[in-house]
Amino acid sequence: MTLTQLTFDQSWAGRIPPRWRWSRNKELLTESLALSVDGDEELLSVSHLTGITPRSEKTVTMTAAENLEGYRIVEPGDLVINTMWAWMGALGIAKQAGIVSPAYGVYSPRPAAPCEPRFYDYVYRSEPYVMEMTRLSRGIWSSRLRLYPDVFLSMAVPVPPLNEQRAIADYLDRETARIDTLIEEQQRLIEMLRERRQDLIRAAILGSANPFSPPAEAAFTAIGHHFSVTLGKMLDAGKAVRAEDRLLPYIRAGNIQDAGLKLDDVKEMPYSEAEAANLNLLKGDLLVVEGGAVGTNALVREDMPGWSFQKTVNRLRPLGNWSSAWLGYVLRTYRDIGVIDIVCNKSTIPHLTAEKLRAMRIPSVDPQEQVLVAARLDRQTIKIDVLIEETARFIELSRERRSALITAAVTGQFDVGEAA
């Protein structure tokens, strides 16, 4: 393939400046196969969010291998790619020495190659280049795509003059740091708003009472005395559909959030007439997450004919005049202060079963007072929810701007000297 054809294939970059040239990764990098003898080097983590960082600085749920002998050596300036997660952008240029899994790809700059590592860190992690790596990755399933060394090294890459690579890297270091700082400030604001929301709810629901050791005069009652508790239908993906069944949209745990039901991603499954009648959704029902984010709940504010719910969700329906909205606030408070963790035995996979919900004791409050408290909290929390949503949208736009800025800079769409 000629360089002209190579340039034609790299539509991801658009038209690069005439002073730049196209090359292949193999002209800049070579695969490094050096392995650790004893595994004593710093173990590095590869993330699509943070690039290459020490594993000790990250919260990682997967357990590292006990013996790290034979892990791949990484030197500062090396490019490390998680072969199985390249399509997610799990790669980056290492800033320090260390070791990574032997399943990863490690590529070292060739001697005298016109390669500024910081510039190519931005190039390889830019959205269009990650998309190009995804296109060229091999695999049957999207979640199992692999970017093999021969493919990566054959990929085309723009090569600006070395001094321009450094200028672009300097510019992006400054600008992305500003955006990252702004994003961090907005994330802290969201945390403060959430804490404020929790404090408002706890004060209104419990006052100064401690649910772990309530005062002697405090009255508590079991949820099951005032609400029916029904678990949804199990999802039988491989089970044959009966001729009389109807496909119905259903609520699952992922649809339930503190701000209400999130129905932009809804699935269907078959229900018999009896199941549909028993597992229906009416105004005033409270849907509570059974497994996962246990205790998170949302109120059904209008009848939902033709809808049902899945086994990851419990439906609580008032047996009398107790307020579902108020109970929802109680359960969120219990979740936030750790009561539900204790009920679910958090040392195992947490499940808030129907039996546990029925037995759970809550404050015994006059139903009319419940309605007043829930209405007041609705007014107060909706204002906070709007601020959280607006702040989250600002963060999303900032990340989009960051990504677009990197793409434009590494493809020469503007002169960083003029933009500085």
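**Warm-up: a buried pair**

Arg-317 and Asp-285 are both buried, where buried means under 20% relative accessible area, exposed over 50%, and partly exposed in between (1.4 Å probe, protein chains only). Before we go on, note that this is a predicted model, in which local features need pLDDT of at least 70, side-chain atom pairs count only at pLDDT 80 or more, and totals for chains, interfaces and linings use all residues. Residues are numbered from 1 along each chain as its sequence is written, and side-chain values use heavy atoms, with hydrogens and water left out.

**Exercise 1.** Find what joins the side chains of Arg-317 and Asp-285, and place the two residues in the chain.

*Step 1.* Their side chains meet in a salt bridge, at 2.8 Å from N to O. A salt bridge is a side-chain nitrogen of Lys or Arg within 4 Å of a carboxyl oxygen of Asp or Glu.

*Step 2.* The pair links distant parts of the chain, 32 residues apart: Arg-317 is in strand 20 (residues 313-318), and Asp-285 is in the loop between helix 7 (273-278) and strand 17 (286-289). Helices (H or I, at least four residues) and strands (E, at least two) are DSSP runs, numbered from the N terminus.

**Exercise 2.** Work out which parts the salt bridge of Glu-116 and Arg-166 ties together.

*Step 1.* Start with the distance: the salt bridge between these side chains is 3.7 Å, N to O.

*Step 2.* Glu-116 lies in the loop between strand 9 (105-109) and helix 3 (117-125), and Arg-166 lies in helix 6 (residues 162-206), so the pair ties together parts that are 50 residues apart in sequence.

*Step 3.* Now compare the covering: Glu-116 is buried at 12% relative accessible area, while Arg-166 is partly exposed at 41%.

*Step 4.* Widen the view to the network of salt bridges that links Glu-116, Arg-118, Arg-166, Asp-170 and Asp-173. The whole structure holds 22 salt bridges.

**Exercise 3.** Look for disulfides, then check Cys-115 and Cys-344 for burial.

*Step 1.* Searching the whole structure gives zero disulfides, a disulfide being a pair of cysteine sulfur atoms within 2.5 Å.

*Step 2.* Cys-115 is buried, with a relative accessible area of 14%, and Cys-344 is buried as well, at 2%.

**Exercise 4.** Describe the surroundings of Arg-301.

*Step 1.* Arg-301 sits in the loop between strand 18 (297-299) and strand 19 (308-309).

*Step 2.* Leaving out residues up to four places away in sequence, Arg-301 touches Lys-283 and Asp-378; contact means heavy atoms within 4.5 Å.
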